[in-house]
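Take a look at this protein model. Keep the sequence beside you as you read.

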Amino acid sequence: MVSTYSSNGENGDMGSTEGELNAWKHRAPYRVHDQAEDFKVRYEGSCHCGKVKYQLSREKPLDAKYCHCTTCQKIHGAPFQWAAIFHKDDINFTHGHHDLGWYESSEKTCIHKLPCKVSCAYCRTPIMDEGRNMILLFPTLIDFKSLEDRKNFDISCHMFYPRRVLDIPDGKPKWTGINESSDLIEDSPQEAVNELKRKRQEEEDEKKE
């Protein structure tokens with residue numbers, strides 16, 4: 001069988017690390033941390049085939065969410081996306097630096113253009129979403145050593161909940177769109193609803209002053 005494996009040489013770089021086209025390889029999150037650097041390994045993760053492997057240094061993500069938007073449903077082939085937010089310097093790729101593929105969903109292009117979706121170019125496992133300032137990792141790729149470690153990635157809320165394909169009555173805040181910039185619905189905790197109303201009333205009062 002002829003392999004259809006194609007790495008990020010599709011960018012035109014052919015595996016090179018030189019030139020302006022390859023500048024991203026020397027910047028976080030793709031820059032490989034030197035062994036002399038103070039990078040404390042807290043977690044390890046990998047794609048399905050194992051070509052792409054990485055380490056994480058942060059104990060808890062900056063935030064974790066379930067996203068129910070239709071883009072996440074289609075790309076992940078799942079009811080929702082479980083995403084954990086990290087700084088770009090929190091990750092260190094130990095394998096597969098050149099075995100990644102890109103997808104920029106708004107223009108539907110496969111070049112490294114931010115924001116973009118990053119996957120293993122061999123088994124196609126989604127690795128992360130790379131934004132301009134942060135990365136969204138998928139905790140199902142992480143090899144959790146304990147339930148306590150797993151609990152560090154518990155979600156804070158749901159986004160785009162009206163587009164859900166199944167109900168999740170977990171008592172977490174449920175937003176109609178992006179959290180904090182849309183409305184709370186369904187079984188969102190009453191204290192979260194009250195806090196949102198208070199914040200928005202303060203914003204309205206400030207506009208009037």
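What follows is a short walk through a predicted model, from a strand to a pocket to a single histidine.

Start with strand β9, which covers residues 134–137. Its side chains alternate. Ile-135 and Leu-137 point to one face and are buried. Met-134 and Leu-136 point to the other face and are not buried.

Now look at the partners of β9. Strand β4 pairs with β9 in the antiparallel sense, over four bridges. Strand β8 also runs antiparallel to β9, and three bridges join them. A hairpin of three residues links β8 to β9. Find Leu-137 again. Ala-84 stands opposite Leu-137, and so does Met-128.

Next comes the largest pocket. Its volume is about 520 Å³. The lining has 18 residues. Those nearest the centre are Pro-115, Lys-117, Asp-129, Leu-136 and Ile-178. Which elements give two or more residues to this lining? They are β3 (63–67), β4 (81–87), β7 (116–120) and β8 (126–130). By type, the lining residues divide into ten nonpolar, four polar and four charged.

Finish at His-97. This residue lies in the loop between β5 (91–95) and β6 (100–103). Is His-97 buried or exposed? Its relative accessibility is 13%, so His-97 counts as buried; the cut-off for buried is under 20%. What does the side chain of His-97 make a polar contact with? One partner is the side chain of His-98, at 3.3 Å. In addition, a polar atom of the His-97 side chain lies 3.1 Å from the backbone oxygen of Tyr-30.

Conventions: Residues numbered from 1 in each chain as written. Predicted model: local features only at pLDDT ≥ 70, side-chain atom pairs only at ≥ 80, totals over all residues. Heavy atoms only, no water. 1 Å grid on protein atoms, 1.4 Å probe; cavity = no way out; pocket = protein on both sides within 12 Å on 5 of 7 lines; lining within 4 Å. Points joined across faces, edges and corners; volume = space filled by probe spheres on them. Nonpolar A, V, L, I, M, F, W, Y, C, P; charged D, E, K, R; others polar. Buried < 20%, exposed > 50% of the residue type's maximum accessible area, 1.4 Å probe, protein only. Polar contact = N/O pair within 3.5 Å; in protein donor to acceptor, adjacent residues only side chain to side chain. Pairing = 2+ DSSP bridges.
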